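Visitor: I would like a close look at a single part of this structure, please. Could you walk me through it in one go, starting from one strand and following its neighbours outward?

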Amino acid sequence: MLLLKDIVPAAQNNIDTRFILLDKGRTTLEGQNKTCLALVADETAAVHYQFWGDECDVFEPGDIIHLTNGIFSYHRSNLVLRAGKRGREEKVGEFTMAFVETPNLSEIHWIPDPNNSKKYVQEYVISPHSRIFPPIA
Amino acid sequence: MVSSFTQGASHEAENPIELSLRQAFESIEPKLRPPFSLNIPNPDEYLELNQAILYGILCEPHFAKTHIKHLHAIVSDGYAFFVNLLVKIVHQLYPKLVVSVKNQLIWVTKEMVHVLGVGFDGLLASLLRQIIEGDFSDGNLWLCFELANFFLDKWNYILEEEPLVLSSALYVYLRLLADHCRSPNNEKLGTLKQLEIDLCVKIVREEFHLCLKIGRDVVWLLQNLFHVPEFRAIWKDLVMNPSQFKTPEFTDISQLYCIRTSSRYFLLRITPEMESYLRFLLTHVKLGQQKRHQMWFTRKFLSEPSRETVIVDLVRFMCCAHHPPNEIIQSDIVPRWAIIGWLLKSCRKSYVEANVKLALFYDWLFFNESVDNIMNIEPAMLLMVHSIPKYVDMTHTLVEFLLLLVDNFDVERKDIIIKGVLSALRALVHKGVVPSIDVLTSCATLSPVLKEGLGRLLNVK
C-alpha cells in the first residue's frame, strides 16, 4: 500500500493506495464519457484524481477510498491519479481520515530521472496546493 | 456484490459482519431447514449456527419463526453471542439496512427480550441511539413508535429484569418529546406523541427512582415540556409535592441537582456514527484544518433545519462524555471549545441556541469540586476566553446568558445556583484552566454592564 507522497508518474497501473475525497469538480463529457476532476489526499500528500463514467456520481467528499491497480500519469495535460482500465476503487469508509493538502503531487514539475529515463523525479514545485481546489480558508 | 442487507451499492466494500453472516448462512444452509440435527454443536459450529440463523431471520422473513425455534433449541450461552451480533449490526449497519431487514431486526429484538437474552438491555439501548433527533421521516418515526410501544407492552418484564433500560428510555423520549411537541407536523405525530407522553409519565410517576438514576439532566428535559399539561402537573408536584412520587429519599428538587448525570445517557442521543466522527475530529484533526470535516459533518447530520436540535446533545456529549487526555489537550489538535463555538454559530433557531448555551453551562450551575469533573465545565470557559478579542460577540452572548441563567434558572433556590457557579469559577482558576477571572472582568472589549454583572456575582457572600 503506497502513501500518496510516494507515488510517481508512470505508465503502469500498479498503484495501491488509500485516500479521502476532499472535493469534486463539475462532471463534464469527454466524448461520450462522463469525467470529473477531484482533489484527494491522505496523511502525507494530496493529488488530483480523475473519476470516469458512473464513478463521478457515486463518490462524495468525505468518502474514504481504496484504489487498487491505479495509474498516475498525464491525461490531457493534467497529471492525475485514476483507476484507468485495470484499476478499481472501493469506498471503505467516511470522514475518519486526517489529511494534508500540501504537497500536491499534481502540482509538481516532474522530469525523467537522469540515471534511469523510465523513472520520474520531482524537479520543482509549481504550487504548494492545488490551484484548482485551493484550501478552504 | 449487491447486498440483500443494506442499501449499499456495488462500489462499497461489504461490511465484515455482514460478510461473515452471509458466508455462515451460505455454508450451512441445508442444516437450517427442518428436521434439525439433534447433535450438540461444538464451539465453532455453535458460533457459525448463530451467525447463519441470524442471517436467515433477517433476510428470510417467511422462515423467521422456524429459524428462531432452531435457535431456542440449540442455545447454550443464554443468547449472549446472538444478542452481541445484533448489537454489532445495529451499531455498524442500522442506517443502511433495507426496510424488511429493519422490520426483522425489531421482531427478533422483541424475541430476545422475551427470553431475557443476555445483553438485551444493551441491545435496546443501541436501538434507542438510532432514533435521530429532529428527523420526521417515516422510517425514524416508525422506530420511535415501535420502541415506545414495546417498552409499555413489556413494562413488567423490563422493570423486573433491567429497570435501568427504562431510565434510558425516559431520557430519550423526554428529549424527543421536546421536538415532537414543538413540531408543526402534528397530524403525523398525534398517536406517537401520546404514546411517548404515556410512557414518560408512567416512568416518572410510578418509578421515580429512575429519574434519580438519570440525575440533574432530567430537570432541563422536564423543563422543556412545561407547556405540556401532563408535565406541568409533574412539575407542580416536583416543586410542591415531592411525596407524590412515593420515593422516601426524594424530598426536594435540589437533590436532583446534586446528582451528576452519567455519560452513558449523553451517548443515547447521538448515533454511533456521530460519536465516531466527533471523537475522530477531537483526536486527529489539527486546529485550523477542521473546515472540510466540519462541512462534511454538517452535510451528513445537520442538513435539514429541524435537525439542528441535535446540537444540544452534541454539546452535552462533548462536555460530559468526551474528555481528551492531556497529550491531546497540550497538542495542536482541535479543542472542544472550537467545535462547540462552530456548532453554536450554526444554530438558526433562537430556542435551539438558548438550549445549546444551557447545555454548555449546565454543569456550572451545580458545580461541586468534590464530585464534579472540571472537564465538564472547561469548554465554556475556554470558548469565552479564546473568543477575545476577535470574536468577542461570542464572549458577550455567553457571559450575558450565564448571568441570566443564575438569576432565572431556579429563583427559589438561587443561592444553590450561585454557589455552583462560584465553585465552577474557583475550580477553573485553581486547576489552571485560566490564570484568573480577570481575563473576563478586566476585558477591555467586554461591555461594562456585563463586567458589572460578573463583579456582583463574584462578590456575593
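Visitor: To begin, which residue stands opposite Arg88(A), a residue in strand 7 of chain A?

Guide: Happy to take you there, with one reminder before we start: this is a predicted model. The residue standing opposite Arg88(A) is Thr68(A). That pair belongs to the antiparallel pairing of strand 5 and strand 7 (residues 88-94) of chain A, which are joined by six bridges. Let us keep strand 5 as our base and look at its other partners.

Strand 5 of chain A covers residues 63-75, and it pairs in the antiparallel sense with strand 1 (residues 15-24) of chain A over five bridges. To find that pairing on your screen, look for Arg18(A), whose bridge partner in strand 5 is His66(A). Strand 6 (residues 78-82) of chain A also runs antiparallel to strand 5, and five bridges join these two. Here Ser73(A) is the residue opposite Val80(A) of strand 6. Strands 5 and 6 of chain A make a hairpin, with two residues between them. Arg76(A) sits in that turn and has a positive phi of about 50°.

Now stop at His75(A), which is also part of strand 5 of chain A. Its relative accessible area is 18%, and because the cut-off for buried is under 20%, His75(A) counts as buried. What surrounds this histidine? Leaving aside neighbours within four places in sequence, His75(A) is in contact with Glu30(A), Gln50(A), Trp52(A), Val80(A) and Arg82(A). With Glu30(A) there is a polar contact of 2.9 Å between the side chains. Gln50(A) is 25 residues away from His75(A) along the chain, yet their C-alpha atoms are separated by 9.1 Å. Val80(A) has already appeared in our tour, as the residue opposite Ser73(A).

Back to Arg88(A), where your question began. The side chain of Arg88(A) meets that of Glu90(A) in a salt bridge, 3.5 Å from N to O. Arg88(A) is partly exposed, at 43% relative accessibility. Glu90(A) is partly exposed too, with a relative accessible area of 21%. As a general point, side chains of opposite charge can pair when their charged atoms come close. Over all chains, a search of the whole structure finds 37 salt bridges.

From here we can step across to chain B. In the interface, 27 residues of chain A are in contact with 19 residues of chain B. About 1,800 Å² is buried between the two chains, and carbon and sulfur atoms give 61% of that area. Three salt bridges are found across this interface, along with eight residue pairs in polar contact. Two elements of chain A, strand 1 and strand 7, give two or more residues to the side that touches chain B. The largest share of that side, six residues, comes from strand 7 of chain A. Both of these strands are partners of strand 5, strand 1 over five bridges and strand 7 over six.

Look next for Arg292(B), which takes part in interface salt bridges with two residues of chain A. One is with Asp23(A), at 3.9 Å from N to O. Another is with Glu101(A), at 2.9 Å from N to O. This second pair runs from the loop between strand 7 and strand 8 (108-113) of chain A, where Glu101(A) lies, to helix 17 (residues 291-301) of chain B, the home of Arg292(B). Glu101(A) is buried, with a relative accessible area of 15%, and Arg292(B) is buried as well, at 3% relative accessibility.

For a salt bridge within chain B, find Arg279(B) and Glu275(B), whose side chains meet at 3.1 Å from N to O. Both residues lie in helix 16 (residues 272-284) of chain B, four residues apart, about one turn of the helix. Arg279(B) is partly exposed, with a relative accessible area of 26%, whereas Glu275(B) counts as buried at 15%.

So, to retrace the route: we left strand 5 through its six bridges to strand 7 of chain A, and strand 7 brought us to chain B by giving six residues to the side that touches it.

Conventions:
Residues numbered from 1 in each chain as written. Chains lettered and ligands numbered in written order. Predicted model: local features only at pLDDT ≥ 70, side-chain atom pairs only at ≥ 80, totals over all residues. Heavy atoms only, no water. Pairing = 2+ DSSP bridges. Contact = heavy atoms within 4.5 Å. Buried area = accessible area lost by both parts, 1.4 Å probe. Salt bridge = Lys/Arg side-chain N within 4 Å of Asp/Glu carboxyl O. Polar contact = N/O pair within 3.5 Å; in protein donor to acceptor, adjacent residues only side chain to side chain. Buried < 20%, exposed > 50% of the residue type's maximum accessible area, 1.4 Å probe, protein only.
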